[in-house]
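Please work through the exercises below with the sequence and the model at hand. Each task is followed by a solution in steps.

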Number of protein chains: 2
Amino acid sequence: MKIAVDIMGGDNAPTEIIKGSIQALKEINSSLILVGQEKVIKKEIAKYTNNFKNIEIVNADEIITNEDKPVQAVKRKKNSSMIVGLDLVKKREADCFISAGNTGALLVGSLMRVGRIKGIDRPALAPIYPTKKGFSLLVDAGANSDCKPHNLLEFAVMGLIYAEKVLKIEKPKIGLINIGIEKGKGNKLINEAFSLLEDSNLNFIGNVEARNLPEGLVDVIVCDGFTGNIVLKLTEGVAKNMAVMLKQQLMNGIVKKLAAFVLKDVFKNFKSKLDYTEYGGAPLLGIKGAVVKAHGSSNSKAIKNAIKYGEIFAENKVIENIEEMISRMGVDKFE
Amino acid sequence: MKIAVDIMGGDNAPTEIIKGSIQALKEINSSLILVGQEKVIKKEIAKYTNNFKNIEIVNADEIITNEDKPVQAVKRKKNSSMIVGLDLVKKREADCFISAGNTGALLVGSLMRVGRIKGIDRPALAPIYPTKKGFSLLVDAGANSDCKPHNLLEFAVMGLIYAEKVLKIEKPKIGLINIGIEKGKGNKLINEAFSLLEDSNLNFIGNVEARNLPEGLVDVIVCDGFTGNIVLKLTEGVAKNMAVMLKQQLMNGIVKKLAAFVLKDVFKNFKSKLDYTEYGGAPLLGIKGAVVKAHGSSNSKAIKNAIKYGEIFAENKVIENIEEMISRMGVDKFE
């Protein structure tokens, strides 16, 4: 397998992206295609190694930044690392593409340059959601703010296959985020999606209330992208805020200072459990190629993990399986 | 002022409701009307006092439970403590009604028995959302799963007035929950609501991302009831889960056990900060009378606080102010 990496995308590009790529090479069987400004890439690699085995460099002069408007950027910056990388997937010169760059541009670019899986109306972003038990997969986390019921059914199919093939979860349980567990609760979208899921042969266990999401009751959490993005960001915000508040309270008194000292590694452990960059990036499910969005603030470790999961994503015929299942279920009738 | 209390509603009814009511009497100027089964009420009161000064009992034999379907319950259980209490508000025999009972039934009952404020299309549930700075008001937290843009404008007006008059916040800042801060982000509903809010003379500061909600950037958080309910419940779930995980990690080793011991009161402090029952109940804004929903699992302290805030709600012409502002803004054109 060949995995292409966008060296110029993300808050810590290019340094951490290169560092993570070099680290990943020791843990994967694939070779890497580093996409970006050749000079910059060569200079960064020289920090770590002179050995270019399993490393190919594809030059791309332009950079899509976070400030760029997605559609405009994709249309105008054809020689950007992101677009050149996506084209490698399109041309099957790469089996997977990883980028920590502009999420909107990556989504639009994937749609315009690589295209959708037949039968999938709307691709979705599917990051890991950390839970007490480990993690769930959250689909959609923000690619589609306004959804139709059949989009949620598609998210369920795509999430199911990714959970099985890449995350190696047996018989993944699928749940719908709702404001009550009974059928009939919630908004019109969720109610209609509930009926579609109920009638499917997926392992749909029903509604899950937001308060139970951190317990990890289901493996694949299905929702519209607006809700999913709020769930992901709020979880991050509450956890961060809670840690800050606890630390503040620990700063009073000497005994508490001692406790704070002891707690340092507890906090660290805990933080790593909540840090979804640990599990690699989020796949853009529904694209006719393995495209992975790494977190914008990815460090080398996050990039390394994104590449590792990207390899599993590319190796396991996820796209073919989605296409096959969607066709078998007749979900493509909605398109 | 006279404040009516639903003695039979909530998980801890009637014991904790009566206890909280008796406690409240020492801290308020109003008298109380206790609504429910007279025998039960008298027996419970006898535990605390023989003094019936400022206490009136209104008998109501039936009880609406959490298992009752809202519309059915409101129509059939006309002699329930909830409906009798709402009728007291309707007839102006009580200035406020507090219930910890079935939320859906209280909402439907308020609409059917007390009615809406002129110009308000959809009443909303507005609980306190705990933040680092103190709290924000969250409107709507679940009364309306499907909203139109003008509903969100109404929520903003109602939240603004409640924040000013009851929570005593000067010039409350209003924000819209969205998945990005820039105008144009998010779904259709939020985008149209953004335009309405921007054109209003409210103190609208723009979108707020879910991750920043715990920081308390705004005083009034506006959203549809589906989103609001998820925000409230997820915050509860993440905080609870995080506390459990930290405690588990603290149970390893003797030094950590010491730290856990020291941390006990820190956790307790912290929990109380996150416990929104501390701030009393959530008003049903938009109803033509002061109706307050106390948390279903309210203990006596929560009930006492709900009554205290209920008194401020009733005393400060919140309803008249909402009606006046809605009319002045011409928002009633949407109705």
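The exercises that follow concern strands, sheets, helices and cysteines.

This is a predicted model, in which local features need pLDDT of at least 70 and side-chain atom pairs count only at pLDDT 80 or more, while totals for chains, interfaces and linings use all residues. Residues are numbered from 1 along each chain as its sequence is written, chains are lettered from A and ligands numbered from 1 in the order in which they are written, and side-chain values use heavy atoms, with hydrogens and water left out.

**Exercise 1.** Determine which way the residues of strand β4 of chain B point, and which strands β4(B) is joined to.

Solution.
- Step 1. Helices (H or I, at least four residues) and strands (E, at least two) are DSSP runs, numbered from the N terminus.
- Step 2. In β4(B), residues 96-99, B:C96 and B:I98 point one way, whereas B:F97 and B:S99 point the other way. In a regular strand the side chains alternate between the two faces of the sheet.
- Step 3. All four of these residues are buried, a term for under 20% relative accessible area, with exposed meaning over 50% and partly exposed in between (1.4 Å probe, protein chains only).
- Step 4. Strand β1 (residues 2-6) of chain B runs parallel to β4(B) and is joined to it by three bridges; B:V5 has B:I98 as its bridge partner. Two strands pair if DSSP finds at least two bridges between them.
- Step 5. Four bridges link β4(B) to strand β12 (residues 290-293) of chain B, also in parallel, and B:S99 stands opposite B:K293.

**Exercise 2.** Establish how many disulfides the structure contains, and describe the setting of B:C96 and B:C223.

Solution.
- Step 1. A disulfide is a pair of cysteine sulfur atoms within 2.5 Å.
- Step 2. The search of the whole structure finds zero disulfides over all chains. For B:C223, the nearest cysteine sulfur is that of B:C147, 8.3 Å away.
- Step 3. B:C223 counts as buried because its relative accessible area is 1%. B:C96 is buried as well, at 0% relative accessibility.

**Exercise 3.** Give the strand order of the five-stranded open sheet of chain B and locate helix α6(B) against it.

Solution.
- Step 1. The order is β6-β7-β10-β8-β9, with mixed pairing.
- Step 2. The edge strands are β6 (128-130) and β9 (204-209) of chain B, each pairing on one side only.
- Step 3. From one strand to the next the twist averages 35°. Axes are lines fitted to C-alpha atoms, for helices over the stretch in contact, and angles run from 0 to 180 degrees between N-to-C directions.
- Step 4. Strands β7 (residues 135-139) and β10 (residues 220-222) of chain B run parallel and share three bridges; B:L137 has B:V220 as its partner.
- Step 5. Helix α6 (residues 149-165) of chain B lies across β7, β8 (174-178) and β10 of chain B, at about 165° to β10(B).

**Exercise 4.** Explain why the buried residues of helix α7(B) are on the same side.

Solution.
- Step 1. Helix α7 (residues 188-199) of chain B has 12 residues.
- Step 2. B:L189, B:I190, B:A193, B:F194 and B:L197 are buried in α7(B).
- Step 3. These residues lie on the same side of α7(B) because they cover an arc of only 130° around the axis, the arc being that of the directions from the helix axis to the C-beta atoms.
- Step 4. The face turned away from the buried side of α7(B) carries the exposed residues B:K188 and B:D199.

Key: Contact = heavy atoms within 4.5 Å. Expected span 1.5 Å × (residues − 1).
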